[in-house]
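Let's take a friendly walk through a few local features, with the coordinates open beside the text.

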2 protein chains.
Amino acid sequence: MTGGPGPEDGGKGFPPAGASPAHLFLVGVGGVGSAFLRQLDPVQDGALARSGVDLRLVGLFRSASGLHRLQGIRPDGAGERLVQEGKGGLDPITTILDDPAPRRILVDCTADPNIAEAYPRLLDDGVRVVAANKLAFSGSQEQWRRSRWGRRGRAYLEATVGAGLPVLRTAEDLVETGDQVRSVEAVLSGTLAFLCSEIMAGRPLSRAVEEARARGYTEPDPREDLSGQDVARKMLIVARELGLHVEPADVALEGFLASSLTGPSPGDGAPIADHDGGFRALRERALARGARLAYTGSLREGRIRVGLELVEPDHPFHGLRGSENTVLFRTERYGEPLAIRGPGAGPAVTAAGVLGDVLRAVRERGAWG
Amino acid sequence: MTGGPGPEDGGKGFPPAGASPAHLFLVGVGGVGSAFLRQLDPVQDGALARSGVDLRLVGLFRSASGLHRLQGIRPDGAGERLVQEGKGGLDPITTILDDPAPRRILVDCTADPNIAEAYPRLLDDGVRVVAANKLAFSGSQEQWRRSRWGRRGRAYLEATVGAGLPVLRTAEDLVETGDQVRSVEAVLSGTLAFLCSEIMAGRPLSRAVEEARARGYTEPDPREDLSGQDVARKMLIVARELGLHVEPADVALEGFLASSLTGPSPGDGAPIADHDGGFRALRERALARGARLAYTGSLREGRIRVGLELVEPDHPFHGLRGSENTVLFRTERYGEPLAIRGPGAGPAVTAAGVLGDVLRAVRERGAWG
């Protein structure tokens with residue numbers, strides 16, 4: 001069950017062969033960037049070749065160094081080549097802007113604000129930007145606007161929300177086909193969903209956090225996950241994709257440890273174990289009414305709210321397990337919600353989200369002709 | 001929360017204005033075709049104008065007559081104009097092939113095999129085909145192949161499975177990014193899902209069928225729905241999108257009334273009420289183990305199976321209600337499944353699926369340049 005549809009009458013039916021190759025520049029070769037390189041290699045001989053798309057990896061960058069080869073870099077082993085042959089101090093943005101190819105794509109697999117700040121300049125120069133980096137889209141509305149669309153290019157950012165799940169494409173489709181979105185409800189932190197599952201299974205919060213850290217689910221400092229900022233950023237991105245103008249300060253955000261549901265907080269600086277009692281009591285309340293705990297984001301009447309919630313048995317979130325993400329769109333056409341659900345984090349699925357966007361970027365018409 | 005992202009620096013950033021308009025031909029102005037016209041009107045002044053896409057409805061056809069206007073037909077009121085001004089016997093296929101526009105799109109909102117048979121000729125002539133009509137894609141593998149990709153165009157068929165739900169786009173993305181699909185499980189008949197819900201609520205099958213007919217959920221003859229053929233057709237389409245070569249005769253299909261779960265069948269010709277007892281007994285069995293009834297399709301190891309199933313409490317289908325559709329993809333990257341769920345039938349959401357495909361068709365590069 002591999003392979004896929006394609007013209008079987010010679011392989012060059014649609015689009016036609018012969019266009020000059022699109023130049024691909026990858027910045028960031030950590031978990032997601034490395035997974036992207038692994039996925040790109042077979043795709044170049046597979047789906048891309050079958051549909052006649054010529055995509056050439058010509059640039060590869062990490063914080064300290066870069067590689068720029070107009071004849072192309074084979075994705076397989078590219079990470080090692082960067083380490084061995086990379087040129088210190090090679091700036092990715094200047095390199096892309098100076099590249100003569102008419103079709104250029106930046107893939108940003110960093111969390112680097114300096115790369116994010118360059119998107120508007122690149123877009124105006126006709127570069128298409130594919131981002132796993134959330135920063136340009138979850139800061140001010142003004143930065144979002146200049147980073148999402150430029151004079152000659154646009155950004156593709158599916159991987160910033162739910163990794164490979166088709167969340168933003170679905171939002172874009174709803175809006176573009178003229179549907180009216182009434183509300184969005186979402187679970188967008190696999191880490192916090194895992195904590196909720198563990199707590200409902202009877203584990204103390206502090207031990208659940210330890211377990212999550214041991215499995216590599218959390219940031220090095222788990223308090224970054226517990227702050228809820230990452231969920232707030234994703235909800236901002238979803239809301240803006242739906243046409244809402246909203247600033248980070250407008251988000252009603254309750255951190256995981258600061259929820260009013262768990263009673264008076266021991267304070268942000270207190271050890272996590274000081275919160276165990278509050279969560280134990282909350283679990284009892286949930287069990288008593290058959291409810292479950294979830295850390296959710298919602299968008300209603302133009303307002304974003306992020307925080308802990310008790311989810312009743314008849315709610316779609318009640319069935320969530322482990323670290324699953326989900327997004328429910330309620331719209332004029334979808335009174336019963338349209339729901340997307342599945343694993344929403346991890347290098348392989350995030351890289352797949354990036355790669356899907358690259359395929360769209362290379363196929364869409366626009367300033368490239 | 002309406003509107004959507006777009007360049008705010010004059011509205012013509014991406015893609016650029018000035019390309020010749022794409023010519024749109026709609027065949028079929030029943031429920032879906034009429035809803036499509038209603039949705040197209042605001043989109044032409046909205047998303048399309050904002051992104052600089054010029055799409056012009058120039059042809060409108062129903063079985064008896066057609067209208068062809070190179071200067072364009074305003075979607076609002078187009079159905080009435082077709083009735084008043086339509087020319088008897090105007091053939092849509094010849095009209096499209098004779099139209100001089102370099103960019104042409106056929107939207108097929110019929111269930112007409114004659115239109116479906118013309119796809120290969122249209123695709124080879126560079127026409128892009130957007131279909132709500134399942135026939136070309138659920139017959140022989142050979143017809144699928146010639147209808148899905150042509151020498152100069154491709155077909156877009158999201159609306160044939162799950163209406164507006166992003167099922168086939170997600171399948172295409174999984175395959176194209178190199179994921180390995182291990183299994184698909186789906187509920188793809190809103191009508192049969194409704195019957196299952198009603199039966200589980202204690203209603204006799206024959207009364208549930210009457211209720212479904214009264215609500216307009218069934219074909220004029222409900223036995224067409226009960227045969228399961230429609231689900232088999234949708235599963236064939238999903239399987240082929242995932243790269244499988246499979247013929248209709250290869251589907252292991254058990255009709256709703258012929259399920260081995262309900263014991264010896266009274267026979268196809270028997271009154272539906274003769275099946276009430278079998279379904280009452282099946283409901284008891286389901287309740288005894290906390291299971292629910294679902295009419296499902298599955299794809300495993302290259303084999304499609306369609307039929308009634310008892311769904312255990314921990315299965316994602318257990319939470320389905322009313323007439324919802326859902327598709328679960330289990331893949332190499334998605335061990336926990338990627339799930340799409342929501343209303344999967346009805347004119348408005350089907351038309352939205354068609355319109356989303358039209359937007360993709362008009363934007364994708366290819367033989368159009």
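The notes below go through selected residues, one helix pair and the cysteines of this predicted model.

## Ser147 in helix α8

S147(A) belongs to helix α8 of chain A, which covers residues 141-148. With a relative accessible area of 0%, S147(A) is buried, because buried means under 20%. If you leave out residues up to four places away in sequence, S147(A) touches Y119(A), P120(A), L123(A), A136(A), F137(A) and A155(A).

What does the side chain of S147(A) reach at 2.7 Å? The partner is the backbone oxygen of Q143(A). For a sense of scale, pick S20(A), 127 residues from S147(A) along the chain: the two C-alpha atoms are separated by 26 Å.

## How α9 and α13 pack

Two helices of chain A are worth displaying together: α9, residues 167-176, and α13, residues 229-241. Their axes come within 9 Å and cross at roughly 25°. Angles under 35 degrees count as roughly parallel, so α9(A) is roughly parallel to α13(A).

On the α9(A) side, the contact is made by V167(A), L168(A), A171(A), E172(A) and V175(A). I237(A), V238(A) and E241(A) take part from α13(A). By class, the residues of this contact divide into six nonpolar and two charged, with no polar ones.

## Two positive phi values

Most residues other than glycine have a negative phi. Two residues to look up on your Ramachandran plot are A163(A), with a positive phi near 55°, and E301(A), which is not a glycine either and has a positive phi of about 50°.

Where does A163(A) sit? The place of A163(A) is the loop between β7 (155-156) and α9 of chain A. E301(A) is found in the loop between β10 and β11 (303-311) of chain A. Are these residues buried or exposed? A163(A) counts as buried at 3% relative accessibility, whereas E301(A) is exposed, with a relative accessible area of 77%.

## Ser298 in strand β10

Strand β10 of chain A runs over residues 292-300 and includes S298(A). S298(A) is buried, with a relative accessible area of 6%. Not counting residues up to four places away in sequence, S298(A) touches V184(A), E185(A), M235(A), R303(A), I304(A) and R305(A).

## Asp357 in helix α15

D357(A) lies in helix α15 of chain A, residues 347-363. Is D357(A) buried or exposed? Its relative accessible area is 3%, under the 20% limit, and therefore D357(A) is buried.

Which residues surround this aspartate, once neighbours within four places in sequence are set aside? D357(A) is in contact with V130(A), Y156(A), L157(A), E158(A) and A159(A).

## Cysteines and disulfides

A disulfide is a covalent bond between the sulfur atoms of two cysteines. How many disulfides does the structure hold over all chains? The count is zero.

Two cysteines can be checked for burial. C196(A) counts as buried at 2% relative accessibility. In chain B, C109(B) is buried too, with a relative accessible area of 13%.

Notes
Residues are numbered from 1 along each chain as its sequence is written. Chains are lettered from A and ligands numbered from 1 in the order in which they are written. This is a predicted model: local features need pLDDT of at least 70, side-chain atom pairs count only at pLDDT 80 or more; totals for chains, interfaces and linings use all residues. Side-chain values use heavy atoms; hydrogens and water are left out. Helices (H or I, at least four residues) and strands (E, at least two) are DSSP runs, numbered from the N terminus. Buried means under 20% relative accessible area, exposed over 50%, partly exposed in between (1.4 Å probe, protein chains only). Contact means heavy atoms within 4.5 Å. A polar contact is a pair of N or O atoms within 3.5 Å; within protein, one must be able to donate a hydrogen and the other to accept it, and residues adjacent in sequence count only if both atoms are side-chain atoms. A disulfide is a pair of cysteine sulfur atoms within 2.5 Å. Axes are lines fitted to C-alpha atoms, for helices over the stretch in contact, and angles run from 0 to 180 degrees between N-to-C directions. Angles under 35 degrees count as roughly parallel, over 145 as roughly antiparallel, 65 to 115 as roughly perpendicular and the rest as oblique. Ala, Val, Leu, Ile, Met, Phe, Trp, Tyr, Cys and Pro count as nonpolar, Asp, Glu, Lys and Arg as charged, and the others, Gly among them, as polar.
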